[in-house]
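Grab a pencil and work through these exercises on strands, sheets and buried residues. Try each task before you read its solution.

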Amino acid sequence: EQILTVSPYYNEELQQKYFHYGVIQQNLTQEETDWIAEHGTVRVGYLEQYLPYCAQDGDGAMTGVAETALSGIREQYGISFSYTAYSSYPDLTAAFEAGDIDIMIPASGDAWLAEQNDYLMTESIAGVSMSVLSNGASSDKLFDCVAVSDEIPLQKAYISINYPNAKLLECGSAKACMQAVLAGKASCTVFDSSYLQIYLKNNPTLQQLHITQAQANTSIAFA
């Protein structure tokens, strides 16, 4: 409810953020064809609770916007995918970096970050609304110190792009980020608006934080 108060059209906006089927090329390149022939099934890693973008349903299958995108690719090219769900973002990124999976979702849709981190990315499959949580800090000091955690998808990428001069306070979890703001140790923290709903629902004491929609949004892609 707090999300809808800040952004009344939040649910409607999500419907505009699906995969751009019009940009799918008609044929694979020779390099892509050779890679598929050598590797066979493409291994996909995703977060098990990150709707509407990806999640694991009650039958253990992948669902969400990302699965819809992969279904389109599977139908277009006949590519086989296997899926592994991860309970945390650090576990997902570690598996990607170790080569245990070929594709991961979510990843930042920023091309500069992809280059800096030495991975290839697809075109953005979804835009992401970001929310800023504060304890009443004035606007000119709102991003003086931002509580961050590796547990929160896209957060550090978003801060590095939009607030590169902000001081970062490393926290052990998403909940710890909110607690740091409540305690005055950080001026704010930033969440993907849809991801934020999970924590506000499970931690009602954190609902006393001030929530505003960030001026800049971000995007999600496959890495």
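**Exercise 1: the sheet around S1**

Strands S1 and S5 run parallel and are joined by 6 bridges. Before going on, note that this is a predicted model, where local features need pLDDT of at least 70, side-chain atom pairs count only at pLDDT 80 or more, and totals for chains, interfaces and linings use all residues. Residues are numbered from 1 along each chain as its sequence is written, and side-chain values use heavy atoms, with hydrogens and water left out.

Task: Work out the strand order of the open sheet that holds S1, and say which strands stand at its edges.

Step 1. Get the terms straight: strands (E, at least two residues) and helices (H or I, at least four) are DSSP runs, numbered from the N terminus. Two strands pair if DSSP finds at least two bridges between them.

Step 2. Look at S1 and S5: in S5, Val44 has Tyr83 as its bridge partner.

Step 3. Now look at S6: strand S1 (residues 42-47) runs parallel to S6, with 3 bridges joining them. Here Tyr46 stands opposite Ile105.

Step 4. Put it together: the order is S5-S1-S6, an open sheet of 3 strands with parallel pairing. S5 (81-86) and S6 (103-105) each have a single partner strand, so one side of each has no neighbour in the sheet, and these two are the edges. On average, neighbouring strands here are turned by 25° against each other, direction ignored.

Step 5. Check the surroundings. S1 is largely enclosed by the rest of the structure, because 5 of its 6 residues are buried (under 20% relative accessible area with a 1.4 Å probe, protein chains only; exposed is over 50%, partly exposed in between). Helix H4 (residues 65-77) lies across S1, S5 and S6, running at about 170° to S5; such angles run from 0 to 180 degrees between N-to-C directions, with axes fitted to C-alpha atoms, for helices over the stretch in contact (heavy atoms within 4.5 Å).

**Exercise 2: both faces of S10**

Task: Which residues of strand S10 cover each face, and are they buried or exposed?

Step 1. Recall the pattern: in a regular strand the side chains alternate between the two faces of the sheet.

Step 2. Apply that to S10 (residues 145-148): Cys145 and Ala147 lie on one side, Val146 and Val148 on the other, and all are buried.

Step 3. Find the partners. S10 pairs with S11 (residues 167-170) in the parallel sense over 4 bridges, and Val146 stands opposite Leu168. The chain gets from S10 to S11 through helix H7 (residues 155-162), in a right-handed β-α-β crossover (with the strands pointing away from the viewer, the path from the first strand over the helix to the second runs clockwise). S10 also pairs in the parallel sense with S12 (residues 188-192), over 2 bridges, where Ala147 stands opposite Thr189.

**Exercise 3: cysteines**

Task: How many disulfides does the structure hold?

Step 1. Use the cut-off: a disulfide is a pair of cysteine sulfur atoms within 2.5 Å.

Step 2. Count: the structure holds 0. For Cys177, the nearest cysteine sulfur belongs to Cys171 and is 4.2 Å away, so by the 2.5 Å cut-off Cys177 is in no disulfide.

Step 3. Check burial: Cys177 is buried, with a relative accessible area of 0%. Cys54 is buried too, with a relative accessible area of 0%.
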